[in-house]
Amino acid sequence: QDSAIMAYTAHKDAEQVKEHFDPRETLEENAKNFAELIKKSNHFIVYTGAGISTAANIPDFRGPEGVWTLAATGGQRTLPTTSVLKAMPTRSHMALLRLHQAGYLKHVVSTNCDGLFRKSGLSPDALSELHGNSNIEQCLDCGKEYLRDFDATATYQFSCSDHRTGRTCVLCGGALVDSIINFGEDLPEETLETAFQNADVADLCLVLGSSLTVRPSADIPTR
């Protein structure tokens, strides 16, 4: 995405960009209380945005040094940056994996394209990647999915809606397309429906690393 085009989505209010940190005692108390809520829940889901991956040195979008924030202000990033391909799942990703393995966490809804949840080992059945995954491409004809160890996104040489990667399916020879949802494109219907279905039956939802700015996905936690 062209950061100049998306700069208008940056937060206009400086207070929205500001990061707040709880004292350690408050954080520990809140964590204990939330752990009890998780234990008592019947259908616990998590909604995540780019903020969950900043610990992996992947920039977010609307934080103090977010991509859109810097594009809007003309600022320069001072924090280290790691490419998505080299980035590893953070402690948050792994903690959510453990909660799922323990039977507490039923579903994760992610608006990230970095693929860190799949890298963590989280089952695709427990994950709705609403904006796609930069490591995944799919056959247009037979639907075969390929999870790659390289960046599988298209070059968008002719248009941002041309998702062909230039590779073909080994099963049927059909054209492969990436799974990325570019600005202005509709979210994948089946993936979005799965996310809303889990939200509808959820009795507990945790939002991590998202300012809940982009809809309709931002409506999921409030279902």
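Which helix holds both E28 and R24, and how many residues apart are they? The points below address this and related features of the structure, which is a predicted model.

1. E28 and R24 both belong to helix α3 (residues 24-40). They stand 4 residues apart, so about one helical turn separates them. Their side chains form a salt bridge, with an N to O distance of 3.1 Å. R24 is exposed, at a relative accessible area of 61%, while E28 is partly exposed, at 39%.

2. In general terms, side chains of opposite charge can pair when their charged atoms come close. Across the whole structure, the search returns 6 salt bridges. The pair E28 and R24 is one of them, and further examples follow.

3. A salt bridge also joins E145 and R118, whose closest N and O atoms are 3.6 Å apart. This pair connects distant parts of the chain: E145 is in strand β5 (residues 145-147) and R118 is in helix α6 (residues 116-120), 27 residues apart. With a relative accessible area of 39%, E145 is partly exposed. R118, at 18%, is buried, because the limit for that class is under 20%.

4. E137 and R167 form another salt bridge, and their closest N and O atoms lie 2.8 Å apart. E137 is part of strand β4 (residues 136-139) and R167 is part of strand β6 (residues 164-168), so the contact ties together parts separated by 30 residues in sequence. E137 counts as buried, at 0% relative accessibility, whereas R167 counts as partly exposed, at 28%. Through shared salt-bridge partners, E137 and R167 belong to one network with R148.

5. Helix α5 (residues 91-101) merits separate comment. Its buried residues are H93, L96 and L97. Viewed down the axis of α5, these buried residues fall within an arc of 105°, and they therefore line one face of the helix. The face turned away from the buried side carries R91 and R98, which are exposed.

6. Which elements help to cover the buried residues of α5? The cover includes β1 (44-48), β2 (105-110), α6 and β8 (204-208). Helix α6 thus appears in two of these points: R118, the partner of E145, lies in α6, and α6 is also among the elements covering the buried side of α5.

7. Attention may also be given to the residue G103, which follows α5. The phi angle of G103 is positive, near 95°.

Technical notes:
Residues numbered from 1 in each chain as written. Predicted model: local features only at pLDDT ≥ 70, side-chain atom pairs only at ≥ 80, totals over all residues. Heavy atoms only, no water. Salt bridge = Lys/Arg side-chain N within 4 Å of Asp/Glu carboxyl O. Helix = DSSP H or I, 4+ residues; strand = E, 2+ residues; numbered from the N terminus. Buried < 20%, exposed > 50% of the residue type's maximum accessible area, 1.4 Å probe, protein only. Arc of directions from axis to C-beta. Contact = heavy atoms within 4.5 Å.
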